[in-house]
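Biologist: Please take a close look at how one helix passes another, and spell out the cut-offs as you go. After that, carry on to the other spots that deserve a look.

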Amino acid sequence: MSVTAPQGFEAAGVAAGLKSTGKPDVAVVVNRGPRKVGAAVFTSNRAKANPIIWSQQVVADRVVEAVVLNSGGANCFTGAFGFQTSHLTAEKAAELLGVSAGDVVVCSTGLIGTGDELFRSRVLDGVERGIAGLSADGGQAAAEAIMTTDTVAKTVAVSRDGWTIGGMAKGAGMLAPGLATMLVVITTDADLEPSEADAALRRATGTTFDRLDSDGCMSTNDQVTLLANGASGVRPDPGAFDEALAEVCAQLAKKLQQDAEGASHDITIEVRGAASESDAVEVGRSVARNNLFKAAIFGNDPNWGRVLAAIGTTGAVFDPYDVDVFMNGVRVCTAGGPDRPREEVDLTPRATDLVIDLKSGDAAATILTNDLTHDYVHENSAYSS
């Protein structure tokens with residue numbers, strides 16, 4: 001059920017002392033298969049962490065042998081020293097694996113500004129011990145090692161006709177789109193060309209991770225990496241692979257939504273009747289990032305007026321006085337006015353469905369978000385300590 005579900009992959013997770021809890025904090029995923037295809041998408045935040053800057057160079061030739069990940073420190077805004085740490089991390093892994101440092105992706109997550117000499121030495125030690133402990137059964141340990149404020153490890157595996165895709169993800173806060181969100185490693189034993197892997201990953205993330213907008217805060221370290229090794233000997237039908245990869249990404253995105261920091265409601269925003277898909281995404285995101293709406297859902301209040309106020313800030317094509325809004329199956333607003341009584345809406349379940357019908361076309365999109373709670377504010381007020 002993780003990155004070692006496909007043939008030809010090994011992984012490990014170890015405790016290197018980066019976390020004050022003593023829990024695992026360094027993970028390694030290695031491709032042992034016949035092909036070393038790699039693709040990745042990264043945060044579009046201009047403020048990029050050192051591992052992102054390093055890894056963007058690594059994946060340029062679409063060859064990746066291994067991925068090293070650490071929690072317990074973002075290694076972001078740590079200057080030239082921090083970039084050298086990412087470089088040394090890749091060099092250490094490459095030396096132990098007998099590969100090129102330029103084929104080792106590096107990922108970090110944790111507090112921005114963390115990445116001193118002690119951090120470096122512990123990461124390098126973790127790499128050494130992680131590689132020594134590599135196993136075809138190490139996927140779960142790796143998934144646990146990349147957790148930060150996550151409460152559960154997030155893994156998934158999907159098998160098709162002779163080939164498999166596996167994945168792991170971390171993320172519970174700073175979940176907002178920008179080509180990718182959070183840290184994700186996806187592996188497959190399908191036989192793919194580099195251009196196929198890159199295109200398939202971009203299509204899948206575009207309709208899954210990019211539409212998870214938990215708190216509107218884009219991270220400096222976000223990255224989704226796909227490794228394909230051809231160990232199954234099967235070249236999949238492109239459409240079938242696209243479908244399976246999108247399923248893996250969608251399952252992981254849902255797991256991230258369900259573990260969002262402090263959340264008490266998982267909100268699915270479905271926008272229908274849009275003039276274009278981009279309009280549907282813009283409208284859905286305007287609601288997902290509206291703190292008044294999110295606070296109302298936390299209070300189990302079906303305040304549809306906040307929905308209309310939010311979507312009115314967009315440039316999407318629609319008539320505000322011809323919009324329907326449904327909450328958990330009850331149409332609370334029709335043609336821009338009240339419909340069913342608020343008392344008919346039950347918002348006590350964690351799963352919350354919001355449907356917005358713009359009546360302007362045939363396009364649609366779904367955005368995932370969460371409510372805004374006291375616990376979210378508390379957790380993020382004390383994160384650095």
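**The H7–H9 crossing and beyond**

Modeller: H7 passes H9 in a right-handed crossing (the near helix is turned clockwise from the far one by less than a right angle; anticlockwise would be left-handed). Before going on: this is a predicted model, where local features need pLDDT of at least 70 and side-chain atom pairs 80 or more, while totals for chains, interfaces and linings use all residues. Numbering starts from 1 along each chain as its sequence is written, and side-chain values use heavy atoms, with hydrogens and water left out.

Back to the crossing. Helix H7 covers residues 277–288, and its axis runs 8 Å from that of H9, at an angle of about 125°. Axes here are lines fitted to C-alpha atoms over the stretch in contact, and angles run from 0 to 180 degrees between N-to-C directions. H7 and H9 are therefore oblique to each other (under 35 degrees is roughly parallel, over 145 roughly antiparallel, 65 to 115 roughly perpendicular, the rest oblique). On the H7 side, Val283, Ser286 and Val287 make the contact, and on the H9 side Val307, Ala310 and Ile311 do (contact being heavy atoms within 4.5 Å). By class that gives five nonpolar residues, one polar and no charged ones; Ala, Val, Leu, Ile, Met, Phe, Trp, Tyr, Cys and Pro count as nonpolar, Asp, Glu, Lys and Arg as charged, and the others, Gly among them, as polar. Helices and strands are DSSP runs numbered from the N terminus, with at least four residues (H or I) and at least two (E) respectively.

Now follow the chain out of H9. Asp322 sits in the loop between helix H9 (304–311) and strand E11 (324–327). Asp322 counts as partly exposed, at 30% relative accessibility (buried is under 20%, exposed over 50%, partly exposed in between, with a 1.4 Å probe and protein chains only). Its C-alpha is 5.3 Å from that of Gly336, though they're 14 residues apart along the chain. Skipping neighbours within four places in sequence, Asp322 is in contact with Ala335, Gly336, Asp357, Leu358 and Lys359. Ala335 is worth a stop too: its phi is near 50°, positive in a residue that isn't glycine. You'll find Ala335 in the loop between strand E12 (330–334) and strand E13 (337–338), partly exposed at 38%.

For another helix packing, try H2 (residues 79–97) with H3 (residues 117–132): an angle of about 20°, axes 10 Å apart. That makes H2 roughly parallel to H3. This crossing is right-handed as well. Among the H2 residues that meet H3 are Phe81, Leu88 and Leu96, with Phe119, Val123 and Ile131 among those on the H3 side. The class count for H2 with H3 is 10 nonpolar, three polar and four charged residues.

Finally, the rings. The structure holds two aromatic pairs. In one of them, Trp163 and Phe241 are tilted, 5.6 Å centre to centre with 45° between the planes (rings of Phe, Tyr and Trp, its six-membered ring, pair if their centres lie within 6.5 Å; under 30 degrees is stacked, over 60 edge-to-face, the rest tilted). The two are 78 residues apart, with Trp163 in the loop between strand E6 (154–159) and strand E7 (164–170) and Phe241 in helix H6 (residues 238–258). Both are buried.
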